[in-house]
Every structure is written in C-alpha cells, then in structure tokens.
Amino acid sequence: MEWFHRFCSNAKLYVTRSRSPSNPPLTIHCVAHMSPSSLAPRPLPSPPASRHVAVIGAGAAGLAAARELRREGHSVVVFERSAAVGGTWIYTPSAESDALGLNPLREVVHSSLYDSLRTNLPRECMGFLDYPFSSRRSRAGGDPRRFPGHREVLCYLQDFAREFDLYGLVRFRTEVALMERNNDGRWQVNSRRSGVAGCDGDDENEVFDGVIVCNGHYTEPRIADIPEVHVSDRSLTDDLPRKQPGYDNMWLHSAVEDFLLDEITTEWEILQVLKC
C-alpha cells in the first residue's frame, strides 16, 4: 500500500492508492479539523438604514434606479413631468416653435423621436439583465424585429414598470423646479404639479436623504457657436463668395477654379454639368 497525506488549514485529506487489482484504484477520506471558534455562528450583517430618496425622471434609468432602491429597503419617490413612463421613448408629433431651442420662452416638447425611428442596437443589448428585451415579450401586434421601432421599446418599459409594481412610486405631471443641498447634507426638492385637478401650479417642498437625476440629456439641444460657415458650391461660377439668403454667417464659394472649352464641349454643356 502506498499512502499519501495532504494537509490544508482546516481539513486533513487521506488519499489511499492500492496496487491490488481487486480494490478500487483510489479512495479519498476527508476529516475536517475545526477550531471551536469557527463553529460559533457568525453575526448577520445589519440591513442598511432606510433612506428617503428622490428619483427625477421615469425613463429607463429612473425605473431601474427606483426598483433597485426599493429592493434595498429605501423609500422612493419618482418625479415625472409627463403623464406616462418611458422618458425619451414617448413619441409625440408635436414640435417646438423654435426648432433650434434658442428661445427660453418656447414651449418645450420633451421628445427626440421621429415617427419612423428604429433602434440602432439589437434588442438583446437593450434589456435589463433579469428582464430581457426579447421578441417573446412582444405584445400582440407588436414589433418582434431585432431592431424594433420606438413603440416597441416604450411597451417594454411600460411592461417593466408594471411587472415590478413601479407605477405607485411615480408622481406624474410633476416637474422638479429647484434642488438645493441643506447644511445637514440632505436635499431640499421643490416640485410643481401641472394638469392635475386641484393641484395645477402648486409648489411642494420636500426633504430627501438623496437624489438621483435620471432626466436624460436630449431635452435641451446643444447649439454650436460657429462664427462663419464657408461652403463650396459646384454650381457657383462667380469668383466672389455669395452670402446665403436667410443666414448671417454662411457664405457660398465656387468649387470650380477654372475650365476650358474644347472643340466638342460647348459652354452650355459645361454649365449644365455644374448645375447638377
């Protein structure tokens, strides 16, 4: 018989290998050596203290944040200024009066979608880990394509909020107007409700232990400050640049430096090519 001994910190392994053909080739015996202190029950970690947390926005990020906060035992309030969950995936045919968004008094339309928009990512990359965005979740008459339209994404987020009972956390038609941090480290949140019977235009001040901002970055357009724009135009044959009508900083330049006539091509034919 050959005996092999192997030791570890809290267990002793006896490995026996026999040369006799009638016996099993390998037998392993394990005897654990536990110290009295290791047998004592370990104290369970104390649960985290419950906090009062505000989440601004009920889009994809806001819904996920609200669900995880509530799972951790916190008290959650979600502020959503529209009348539905979904954030930027809520489509409306309305457009702002100022297309560039420069007028601060314009009526803001919180939507960046166009009617025929489809996702530029496959649906497998867009879902939550424990709630996949699979075609099997498509409603009757939905869009099971791998790159679905925007309505399919909105239905997915609505189903997510319904599945995890998040609608009760959301205050619809409520916009956060001001948020300030107090001296004690807590947050003063001023909100305003609109379109709600008996509460239209009313302000409310509340104090929260923490605030998570999930309102996205597609509402306010970022307009580049460009002093002058010079564009080469193939159809412009003048030597001097022309100012584009309706613009103060856009100039058109001829893209053609020179051309020569031959015996076959006429000047009229060249002008037709330049106009294309």
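**Exercise 1. Which residues is Trp 89 in contact with, leaving aside its neighbours within four places in sequence?**

Step 1. Start at Trp 89 and skip anything within four places of it in sequence; what remains is Leu 113, Leu 117, Thr 119, Met 126, His 150, Val 153, Leu 154 and Leu 157. Keep in mind as you look around that this is a predicted model.

Step 2. Now see where some of these partners sit. Helix H2 covers residues 150-163, and the contacts of Trp 89 include His 150, Val 153, Leu 154 and Leu 157.

Step 3. Put Trp 89 into a wider setting. The largest nonpolar core has 26 residues, and Trp 89 is listed with Leu 63, Val 76, Val 78 and Leu 166 as those with the most contacts inside it.

**Exercise 2. Find out which elements supply this core, and look for another one.**

Step 1. Go through the elements: E4, H1, E5 and H2 each bring at least two residues to the core.

Step 2. Pick out the top supplier. That's H2, with 6 residues, the largest share.

Step 3. Look elsewhere too. Another core, of 5 residues, lies apart from the largest one, and Val 77, Phe 79, Val 189 and Phe 208 are among its members.

Step 4. Here's a background idea to go with this: in soluble globular proteins, nonpolar side chains tend to be buried together.

**Exercise 3. What is the strand order in the open sheet of 4 strands, and which strands stand at its edges?**

Step 1. Read across the sheet: the order is E6-E5-E4-E10, and the pairing is parallel.

Step 2. Check the ends. Strand E6 (170-171) and strand E10 (210-213) each have a single partner strand, so one side of each has no neighbour in the sheet.

Step 3. Walk along the pairs, beginning with E4 (residues 52-56) and E10, which are joined by 4 bridges. Here you'll find Ala 54 opposite Val 211, and Val 53 opposite Gly 210.

Step 4. Move to E4 and E5, where 5 bridges do the joining. Ala 54 stands opposite Val 77 in E5, while Ile 56 has Phe 79 as its bridge partner.

Step 5. Finish with E5 and E6, which share 2 bridges. Phe 79 turns up again here, with Arg 171 in E6 as its bridge partner.

**Exercise 4. Why can E4 and E5 be called largely enclosed by the rest of the structure?**

Step 1. You'll need one cut-off: a residue is buried if its relative accessible area is under 20%.

Step 2. Apply it to E4: 4 of its 5 residues are buried, so the rest of the structure largely encloses this strand.

Step 3. Do it again for E5. Of its 5 residues, 4 are buried, so E5 is largely enclosed as well.

Step 4. For context, 26% of the 276 residues of the protein chain count as buried.

**Exercise 5. Trace how the helices link up with this sheet.**

Step 1. Find helix H1 (residues 60-71), which packs on the sheet and touches E4, strand E5 (75-79) and E10. The direction of H1 makes about 165° with that of E5.

Step 2. Follow the chain through E4, H1 and E5: together they make a right-handed β-α-β unit.

Step 3. Carry on from E5 through H2 to E6, and you've got a right-handed β-α-β unit there too.

**Exercise 6. How are the strands ordered and paired in the open sheet of 3 strands?**

Step 1. The order is E7-E8-E9, and the pairing is antiparallel.

Step 2. The edges belong to strand E7 (174-181) and strand E9 (203-208), each pairing on one side only.

Step 3. On average, neighbouring strands here are turned by 25° against each other, direction ignored.

Step 4. Zoom in on E8 (residues 187-193) and E9, which 6 bridges hold together. One bridge pair to spot is Arg 192 with Asp 203 in E9.

**Exercise 7. How many helices and strands does the protein chain have?**

Step 1. Count over the whole chain and you get 3 helices and 13 strands.

Key
Residues are numbered from 1 along each chain as its sequence is written. This is a predicted model: local features need pLDDT of at least 70, side-chain atom pairs count only at pLDDT 80 or more; totals for chains, interfaces and linings use all residues. Side-chain values use heavy atoms; hydrogens and water are left out. Two strands pair if DSSP finds at least two bridges between them. Axes are lines fitted to C-alpha atoms, for helices over the stretch in contact, and angles run from 0 to 180 degrees between N-to-C directions. Buried means under 20% relative accessible area, exposed over 50%, partly exposed in between (1.4 Å probe, protein chains only). Contact means heavy atoms within 4.5 Å. A crossover is right-handed if, with the strands pointing away from the viewer, the path from the first strand over the helix to the second runs clockwise. A nonpolar core is a set of buried Ala, Val, Leu, Ile, Met, Phe, Trp, Tyr and Cys residues joined through side-chain atoms within 4.5 Å.
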